[in-house]
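Let's walk through this structure together, one part after another. Keep the 3D view open and turn it as you read.

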Amino acid sequence: MRSRVVQLLASGQGLVRGTLSVRERTCGKSNCRCARGEKHASLYVVVSEDGKYKQICVSRSREADVRAWVAQYQQLQELIEAISKGYLAKLQNREE
């Protein structure tokens, strides 16, 4: 697992700690498609910094990159958590 962490970090791909959120809204124009129920959708990355939430709008041209960065971070976090659990088990079993 540790080698996979090193591979992920060395790959040079981006990492973003955050959650993706899709927002749908209406613009208010009477002749727009959203007036018929087809709302405008926007993708945001939601990140907490210093106990406050920050929302960053993601352009359609960056959507694939940002989705990959968030997924990469989540994968890395899962690997680190698994490694930590292994060491906690050793500690509980009083192993060296």
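In this predicted model, start with the two helices that pack against each other. Helix H1 covers residues 2-10 and helix H2 covers residues 63-92. Two numbers describe such a pair: the angle between the axes and the distance between the axes. Here the angle is about 155°, and the axes of H1 and H2 lie 10 Å apart. Angles over 145 degrees count as roughly antiparallel, so H1 is roughly antiparallel to H2. The crossing of these two helices is left-handed.

Which residues make this contact? From H1 come Arg2, Arg4, Val5, Leu8 and Leu9. On the H2 side they meet Gln72, Gln75, Leu76, Leu79, Ile80, Ile83 and Tyr87. Sorted by character, the residues of this contact divide into eight nonpolar, two polar and two charged.

One residue of this contact deserves a closer look. Is Gln72, in helix H2, buried or exposed? The relative accessibility of Gln72 is 8%, and buried means under 20%, so Gln72 counts as buried. Setting aside residues up to four places away in sequence, Gln72 touches Leu8, Ser11, Gln13, Gly14 and Leu15. Leu8 belongs to the H1 side of the helix contact. Now find Gln77, which also lies in helix H2. With 47% relative accessibility, Gln77 counts as partly exposed. To get a feeling for distance, look from Gln77 to Arg23: 54 residues separate them in sequence, and their C-alpha atoms are 26 Å apart.

Time to step back and view the whole chain. There are two helices and three strands, and from the N terminus on the elements run α-β-β-β-α. How far does the C-alpha trace of the chain span along its principal axes? The answer is about 70 × 25 × 25 Å. The radius of gyration can be set beside this: the chain has 20 Å, whereas a compact globule of 96 residues would have one near 12 Å. Of the 96 residues, 20% are buried. If you take the contacts in the chain with a separation of 6 or more, 48% of them come from residues 24 or more positions apart.

Next, move to the strands. Strand E2 runs over residues 40-49 and holds Tyr44. What does Tyr44 touch, leaving aside its neighbours within four places in sequence? Its partners are Thr19, Leu20, Ser21 and Arg23, together with Gln55, Ile56, Cys57 and Val58. Strand E3 covers 52-58. For one of these partners, Gln55, the C-alpha atom is 6.1 Å from that of Tyr44, although the two residues are eleven residues apart along the chain.

His40 is in strand E2 as well. The relative accessible area of His40 is 18%, so this residue is buried. Beyond its neighbours within four places in sequence, His40 is in contact with Arg23, Glu24, Arg25, Thr26 and Cys27, and also with Cys32, Arg33 and Cys34. Arg23 is worth marking in your viewer, as it appears among the contacts of His40 and also among those of Tyr44.

From the strands, go on to the loops. Asp50 lies in the loop between E2 and E3. Most residues other than glycine have a negative phi. Asp50 has a phi near 55°, a positive value in a residue other than glycine. Asp50 is also exposed, with a relative accessible area of 82%.

The loop between E3 and H2 offers two further residues to inspect, Arg60 and Ser61. Arg60 has a relative accessible area of 68% and is exposed. Ser61 is exposed too, at 64%. Where do these residues sit relative to other parts of the chain? Arg60 and Leu43 are 17 residues apart in sequence, with 8.1 Å between their C-alpha atoms. For Ser61 and Ser11, the separation is 50 residues in sequence and 22 Å in space, C-alpha to C-alpha. Ser11 may sound familiar, because you met it earlier as one of the residues that buried Gln72 touches.

Note on methods
Residues are numbered from 1 along each chain as its sequence is written. This is a predicted model: local features need pLDDT of at least 70, side-chain atom pairs count only at pLDDT 80 or more; totals for chains, interfaces and linings use all residues. Side-chain values use heavy atoms; hydrogens and water are left out. Axes are lines fitted to C-alpha atoms, for helices over the stretch in contact, and angles run from 0 to 180 degrees between N-to-C directions. Helices (H or I, at least four residues) and strands (E, at least two) are DSSP runs, numbered from the N terminus. Angles under 35 degrees count as roughly parallel, over 145 as roughly antiparallel, 65 to 115 as roughly perpendicular and the rest as oblique. A crossing is left-handed if the near helix is turned anticlockwise from the far one by less than a right angle, and right-handed if clockwise. Contact means heavy atoms within 4.5 Å. Ala, Val, Leu, Ile, Met, Phe, Trp, Tyr, Cys and Pro count as nonpolar, Asp, Glu, Lys and Arg as charged, and the others, Gly among them, as polar. The radius of gyration is taken over C-alpha atoms; the globule rule is 2.2 Å times the number of residues to the power 0.38. Buried means under 20% relative accessible area, exposed over 50%, partly exposed in between (1.4 Å probe, protein chains only).
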